[in-house]
Amino acid sequence: MEIYLPIAEMSVHWLIVLGMGGAIGFLSGLFGVGGGFLLTPLLIFYGVPSAVAVATTSSHITASSMSGAIAQWRKRAVDLKMGAVMAAGGLAGTGFGVWLFTFMRKQGQMDLLVSTSYVLLLGTVGALMLNESLGALRAARSGAPAARRVQHTWMHGLPFKVRFRESRLYISVIPPLVIGFFVGVLSAIMGVGGGFVIVPAMIYLLRMPTNVVMGTSLFQIIIVTAATTVLQATTNYSVDIMLAAFLIVGGVVGAQFGVRVGARLRGEQLRLLLALLVLAVGARLLFGLILRPDDPFSVSVAQ
Amino acid sequence: MRRWTALVAVLVFSAMPARATEDLVAGVSQDTIEITSSYTGTDVIVYGAIENPEDTGTNDVVVVVRGPDTDMTVREKSRVVGIWLNRDQAKFYAMPAYYFVASTRPVDKIAASYTLQRYAIGLDNIVPERIVSHHDAEPFRKALIRHLQHDSLYGEQPGGVQFQFPTLFIARVPVPAVVPRGQYNVEVYLFRDGTVISAQSTPLFIDQTGLERRLYNFAHVSPLSYGLSTVLMAVLLGWISSLVFRRND
């Protein structure tokens, strides 16, 4: 049965959309990531207009982060104060990101903005993850524990220090605000939750204890992607609720299977796989930017 | 718009109670197309007859279907420091969002180019109200037509109008799955030896109906509630899934 997506203005078979949601859900359950960085490019490759793909994926991330956040909440593994500070930065970032998105859309450079952001971010994150997971695999083989340095950094000299009880930290609010802002911008222009940026930032920059990292980042992601969805709906009219519904239903079911398979694989191997996947998506988008296009002309029709 | 003046002139002219000359009666299989969830494109049948046919001379029928006017931007990518990005652009104001022409013969065989230009018949004779471009707009126009043809929004079918009997004709106009909403016009022209002697214009409405229409309106009329509803749906679905799958964990 075909369904007509009222905002993307295209007919698709419902099984295809459900399947895409399921496949991305499976991968996100497998790797423990939101999957926005895979879903947005997949929708674009499938022919959904980039604006609709980015905006609709935000609502998918809100849903797929819910069950994880609830589970972490029950374990009391959420630092609400830290989450709130990062979300505040995130909301400002989302506002700026949606503004930038609308501006670039009017300039006809939105695809460039989306592709370049993806290439830069996926390239960097993928390379870092690949390096880290290869190092961890080597370390596991030689039997030595992976080295982790803990030291005072320049961040401890910043003003506006606040005590974050659950994270056992006494640090300035500026770094979490800035990280939140940066992730908010990414959320708006790429349709990602930004977990693959927040989680390393929390661990390596803020030095939060790992037990609260997952819950706090999910908490922040839910707030920021929800805000992004509303902002995209009100400024760009680009959220497709029908597409979102099918993607979410497929996604939450797929995630359950992903989690089960993921439990049987080793962490380092999973991270290596994820790094390769991230690099592959980044490379695909990079080729789109540097290879001579089949047709240099493109047409956009006013709504 | 010259085209309309010309069309009106022909309509007035043919409405005059003159002696029994050749005339045209035409109809369209439907006056509305409703885009529902199961819509995957359709065919509109245009049919008609020539009244009081004369024995000498050549009759030709041309069917033109035009969609609502819309603004289109064509962008051209070029290479800047190794990256292909949109550099040049041309804006076409008030281009038909859909255009299809079917005829008994290739249109350039039917009438002289100035006649075709006057009635905007044929893909090369679609003229926007205004073009804004810093460069020669011709390559952009060609690219525009090519893209719209590829998307089945523009089309040309010489031989698409077929006479079933000497005076009865029929044409099949394909309307693709992705088609803009709005008022379309079905125009039927009767040419005799290269001159329009009769013409008829019938409106055709294409609209979304049902749930899709309501969602589209909702998104555009009250975007804030629409955005909040989407978030609420996402939160609820996420929460329900965690309830459903909880006991399995």
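Visitor: Which residue of β5(B) stands opposite A:Phe297?
Guide: In this predicted model, local features need pLDDT of at least 70, side-chain atom pairs count only at pLDDT 80 or more, and totals for chains, interfaces and linings use all residues. Residues are numbered from 1 along each chain as its sequence is written, while chains are lettered from A and ligands numbered from 1 in the order in which they are written. In β5(B), A:Ser298 has B:Arg75 as its bridge partner. For A:Phe297, the residue standing opposite in that strand is B:Glu76.

Visitor: How many bridges link β5(A) and β5(B)?
Guide: Strands (E, at least two residues) and helices (H or I, at least four) are DSSP runs, numbered from the N terminus. Two strands pair if DSSP finds at least two bridges between them. The strand from chain B covers residues 69-80, and its antiparallel pairing with β5(A) runs over a number of bridges equal to five.

Visitor: Which edge strand of chain B belongs to the sheet that holds β5(A)?
Guide: This open, antiparallel sheet has four strands, in the order β5(A)-β5(B)-β6(B)-β8(B). Its neighbouring strands are turned by 20° against each other on average, direction ignored (axes are lines fitted to C-alpha atoms, for helices over the stretch in contact, and angles run from 0 to 180 degrees between N-to-C directions). Each edge strand pairs on one side only; one is β5 of chain A, and the other, from chain B, is β8 (130-133).

Visitor: How many charged residues are on the side of chain A that touches chain B?
Guide: Contact here involves C-beta atoms, placed from the backbone, that lie within 7 Å, and it takes 46 residues from chain A and 48 from chain B. Among the elements of chain A that each supply at least two residues are α3 (50-74), α9 (241-264) and β5 (297-301). Ala, Val, Leu, Ile, Met, Phe, Trp, Tyr, Cys and Pro count as nonpolar, Asp, Glu, Lys and Arg as charged, and the others, Gly among them, as polar. The side of chain A divides into 31 nonpolar, 12 polar and, as for charged residues, three.

Visitor: Which helix gives the largest share of the largest nonpolar core?
Guide: A nonpolar core joins buried Ala, Val, Leu, Ile, Met, Phe, Trp, Tyr and Cys residues through C-beta atoms within 7 Å. Buried means 20 or more other C-beta atoms within 10 Å of a residue's own, exposed 12 or fewer, and partly exposed in between, with C-beta atoms placed from the backbone. The core has 153 residues, and those touching the most other members include A:Ile248 and B:Val173. The largest share, 14 residues, comes from residues 210-235 of chain A, helix α8.

Visitor: Is B:Val173 on the covered or the uncovered face of β11(B)?
Guide: Beyond four places in sequence, B:Val173 is in contact with residues including B:Val46, B:Val63 and B:Ala102. The uncovered face of its strand holds B:Leu168, B:Ile170, B:Arg172 and B:Pro174. B:Val173 joins B:Phe169, B:Ala171 and B:Val175 on the face that is covered.

Visitor: Which residue of β11(B) is the bridge partner of B:Gly48?
Guide: β3(B), residues 42-51, pairs with β11(B) in the antiparallel sense over eight bridges. A hairpin through two residues also joins β10(B) to β11(B), and there B:Phe163 stands opposite B:Phe169. The partner of B:Gly48 in β11(B) is likewise B:Phe169.

Note on methods
Contact = placed C-beta atoms within 7 Å.
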